[in-house]
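Me: I have a structure open on my screen and I'd like to learn how to read it. Could you take me through some features step by step?

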Amino acid sequence: MGVKTIITQLLAQLPEHCVLSHTEDLRPYECDALSAYRALPLAVVIPETAEQIRIALQICSEKNVPVVARGSGTGLSGGALPHSQGILLSLARFNRIIEIDPQNRTARVQPGVTNLAISSAAAAYGLYYAPDPSSQLACSIGGNVAENAGGVHCLKYGLTTHNIQALEVLTIDGEQLTIGSQALDAPGYDLLALLTGSEGLLAITIEITVKLLPCPEVAQVVMASFDSVDAAGTAVTATIASGIIPAGLELLDRPAIKAVDKFINTGYPKDAAAILLCELDGTQADVSAQIERVERVFTEAGATSQQISRDEQERQRFWAGRKAAFPAMGRLSPDYYCMDGTIPRKHLAKVLNHINTLSEEYQLPICNVFHAGDGNLHPLILYDANKPGELQRTEELGGKILELCVEVGGTITGEHGVGMEKINQMCVQFNSAELQQFHDIKQAFDPDKLLNPGKAIPTLHRCAEFGAMHVHHGELPHPELERF
Amino acid sequence: MTIQQDLQQQVQSAAASRSPLVICGGNSKSFYGRATSGDTLSLDGHQGIIDYTPSELVVSVRAGTLLSELQAELAKEAQMLPFEPPHFGETATLGGCIASGISGPRRPYTGAVRDFVLGVNCINGKGEYLRLGGQVMKNVAGYDLSRTLTGSLGTLAVLLDAHLKVLPRPPLETTLLQHCSAATAVELFNRWAGQPLPLSGACYLDGALYVRLSGMTEGVQAAVNTVGGEPLDNATQFWNQLREQQLPFFSGETPLWRLSVPAATPPLALDGAMLLDWGGAQRWLKTDLPADVVRHCVTAAGGHATLFRGGDRDSAVFQPLQPAMLALHQRLKHSLDPVGIFNPGRMYPDL
Ligand SMILES: Cc1cc2nc3c(=O)[nH]c(=O)nc-3n(C[C@H](O)[C@H](O)[C@H](O)COP(=O)(O)OP(=O)(O)OC[C@H]3O[C@@H](n4cnc5c(N)ncnc54)[C@H](O)[C@@H]3O)c2cc1C
């Protein structure tokens, strides 16, 4: 259908200020945080009411026009990348916290509310929303649900899927459904699990009920240095094996420590090959006991020095470097590319060493700052998009890292989603029957494939082409690889 | 031919002849759900732990493995299934545990069965072998179907293997008892849950409130002072009997309803005997009241009601779904089990 017709239709039924169609107005929406992928949509719709969303969906459904939802656009896999023949549906104006129920420890919020705003509002009741992506100041809870976002504290408190209770969604034909319930479970299939992490392919979320947890009495961080990444990896495994589940357990390797240190004064030990930041939280009595145990485990694993945060200020200072990692990379290199594979923890050292080898092979520096406790790697490849061929080499290197994750029994994405970015690696992780099953699930929700088409699940055709290309270059190590 | 291939073949031929299959683990939960019939597809021979590295907090298990056997292996390493699943009989298997999705007293504080399912291998209604999810803590590749299969009562696929997250057993557990009204109990449950206390169980029965605290010695001792009450002897036995529905409350022939409601819901005005579990979020009701009376009251409170044991097993055992929701369920079922051979009607008449 023509651009004009769809815009006319939208304008006929929605307020004028809710529909953007001039190129200069579309520009800010052309990409998410994976800026290497860009496209302009036919129009951007920024509704203010659920009824307006429903109208927009119905128009698109009738006219067979693709719809891509967008929260805050902080996604790192191109999930909110517009469709050049579709509309972009921004949920930005759905930014209200509808209700906080301190007795039942839940909050009902609109999808455009930022992650951090929920915890800020709940703080008055001594409660907070546990999943805390590093982007929490900006990212929307609707986007978190769509990606099943994680964060530093997910090791102990779980991912988005463990911390939400209900969704109100609109299907592509404008039908409103309640998924989950205000109780701990709902009758029928667990559609809450299915929708969480579905990357905007199944339905549009218009309201979320999140669970709130009591704020811990205290939190303290142990910062330990190691003279090899192997030793730090061992310390991670040993901590978990000792029966402790830290609130967070993060690793920075030498290049990352250096980069961060140039950016802000962290006080991180400069000579360390790796540092671990291990947060323990709970009651004071519990935390003190756990710190004692963690210190012992780290010493046994060969920690060269250890510091324990003495007060809240020092705890914040320990975390400051970790939190500044991304901006620090931005300072260090014109561009960086953040990967997101997860591996069984026991392979940490092996995989990190292999990543180093790949880094040398491709002549592209890599920094590692990541959620070590749950084996979720975030190798950051530093590159310069202005140098011809460098982006392509970066993507190729990234692909290799993801395939390595699959090879050791892991996954191509722990929390950032497949989006557009990892669509080819899906062909490595899943076989045709599995991918077809995913398409069949999609069919049950969105038979005309209008919601975020082309993302998250590759067509079998695409995989065949990717496979052929890969084998042609002789790159895929084990095309027959099983994940487990 | 491997057991997996054999099962695939059985599914394929059932699909070809459109003959229903009743998927069967240890038959310990055959009382649960609606009546169904068909040829038995037994997971009996598909047993054993595939992989267990305690430091990974992950265990991979075949569906026919006895729940008791798995738990004994985990206990050796001071670990546990955090959702404290009821067995309802010695023959309970892991497959049945996941398919029924029933969690025990720890559920509101550590999570439900689905929260710990990282991935499954299964056979869909076309007889295809599928690996869904994975064996790592964080994994967002593909739709999260393994959690969706959890609690689907075998109506979507045949569960072959599961990868589960496990947790360390808390070094210390203490149970405290105090006497109060049901209304006070609900209030206390939720006041405590809003504070950073190491809760791991909270129930109320016959005028007595039981609260379990689990964690490191220091933290539990501090919490004991906050919560108050008398220590309960034989606490392990008490929670086991609650979980397994072996307390005297559960005996007799009166239909047993499971009410799932927002935790802070005040005591419901329904005739019959009531036991509060999950800090108020799960309530057991023994009553002869008609289903619509029970459901009317529970729905008004924002919850749903299941006819858990007894009563008419051909009736709407689970809370009926709205038409649009039922239609979506049917399409979803169709996408995994196109001919409709798996446990037909076990969950809903048209599913
Ligand atoms: C510096 C930085 C740090 C980050 N750190 C983390 C981290 O620690 N952990 C982590 O998990 N992620 C992290 N991310 C990634 C990103 O912030 C998350 O994926 C976040 O959940 C995206 O939210 P958003 O609102 O920006 O969504 P968007 O980017 O706008 O959209 C993401 C996806 O969600 C869909 N979507 C959005 N809203 C809806 C809706 N209402 N209904 C249906 N579909 C919808 C979109 O179509 C798209 O597919 C980080 C990103 C950056 C830039």
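What follows is a talk about strands, domains and the contact between two chains.

Reply: Sure, and keep in mind from the start that this is a predicted model. Pick a strand and we'll begin there.

Me: Let's take E12 of chain B. Is strand E12 (residues 208-215) enclosed or open, and how do I tell?

Reply: Start with the general idea: in a regular strand the side chains alternate between the two faces of the sheet. That gives you two sets of residues to check. In E12(B), one side carries Ala208(B), Tyr210(B), Arg212(B) and Ser214(B). The other side carries Leu209(B), Val211(B), Leu213(B) and Gly215(B), and both sets are buried. Buried here means under 20% relative accessible area. Eight of the eight residues of E12(B) pass that test, so the strand is largely enclosed by the rest of the structure.

Me: Which strands pair with E12(B), and in what sense?

Reply: The general idea first: strands of a sheet pair through backbone hydrogen bonds, either parallel or antiparallel. Here, E10(B) (residues 172-179) runs antiparallel to E12(B), with eight bridges joining them. To find that pairing on screen, look for Glu173(B) opposite Ser214(B). E11(B) (residues 199-205) also pairs with E12(B) in the antiparallel sense, over six bridges. There, Gly201(B) is the residue opposite Arg212(B).

Me: How many residues sit between the strands in the hairpin of E11(B) and E12(B)?

Reply: Two, and one residue to look up there is Asp206(B), which takes a positive phi near 50°.

Me: What about a sheet in chain A? In what order do its four strands come?

Reply: The order is E1-E2-E4-E3, in an open sheet with mixed pairing. Now look at the ends. E1(A) (19-20) and E3(A) (67-70) are the edge strands, each with a single partner, so each has one side without a neighbour in the sheet. The partnership of E1(A) with E2(A) (residues 43-45) is antiparallel and has two bridges. Within it, Leu20(A) has Val44(A) as its bridge partner.

Me: Can we do a loop residue too? Is Ile172(A) buried or exposed?

Reply: Ile172(A) is buried, at a relative accessible area of 5%. You'll find it in the loop between E8 (164-170) and E9 (176-180) of chain A. Leaving out residues up to four places away in sequence, Ile172(A) touches several residues, including Leu57(A), Val67(A), Phe445(A) and Leu451(A). Val67(A) is 105 residues away along the chain, yet the two C-alpha atoms are separated by 8.7 Å.

Me: Next, domains. Which domains does chain A have?

Reply: The assignment gives domain 1 (3-90), domain 2 (97-214), domain 3 (218-328) and domain 4 (332-469). Let's look at how domains 2 and 3 of chain A meet.

Me: How do I put a number on that?

Reply: The size of an interface is often given as the accessible area lost when the parts come together. For domains 2 and 3 of chain A that area is about 730 Å², with carbon and sulfur atoms giving 54%. On the domain 2 side, Val152(A), Leu155(A) and Lys156(A) lose the most area, together 68% of what that side buries. Lys156(A) also meets Asp281(A) in a salt bridge, at 2.6 Å from N to O. Across this interface there is one salt bridge, along with three residue pairs in polar contact.

Me: And how many salt bridges link domain 2 of chain B and domain 3 of chain B?

Reply: Zero. That interface buries about 990 Å² and has five residue pairs in polar contact. H6(B) gives the most to the domain 2 side, with five residues.

Me: Last one: how much area do chain B and chain A bury between them?

Reply: About 6,600 Å², 60% of it on carbon and sulfur atoms. Arg131(B), Lys138(B) and Tyr143(B) supply 16% of the area that chain B buries there, more than any other three residues. The contact involves 72 residues of chain B and 87 residues of chain A. Five salt bridges cross this interface. To see a salt bridge, go to Arg114(B) and Asp190(A), whose closest N and O atoms are 2.8 Å apart. H10(B) (residues 323-336) gives the most to the chain B side, with nine residues.

Conventions: Residues are numbered from 1 along each chain as its sequence is written. Chains are lettered from A and ligands numbered from 1 in the order in which they are written. This is a predicted model: local features need pLDDT of at least 70, side-chain atom pairs count only at pLDDT 80 or more; totals for chains, interfaces and linings use all residues. Side-chain values use heavy atoms; hydrogens and water are left out. Buried means under 20% relative accessible area, exposed over 50%, partly exposed in between (1.4 Å probe, protein chains only). Two strands pair if DSSP finds at least two bridges between them. Buried area is the accessible area (1.4 Å probe) that two parts lose on being put together, summed over both. A salt bridge is a side-chain nitrogen of Lys or Arg within 4 Å of a carboxyl oxygen of Asp or Glu. A polar contact is a pair of N or O atoms within 3.5 Å; within protein, one must be able to donate a hydrogen and the other to accept it, and residues adjacent in sequence count only if both atoms are side-chain atoms. Contact means heavy atoms within 4.5 Å. Domain bounds come from an automatic or database domain assignment.
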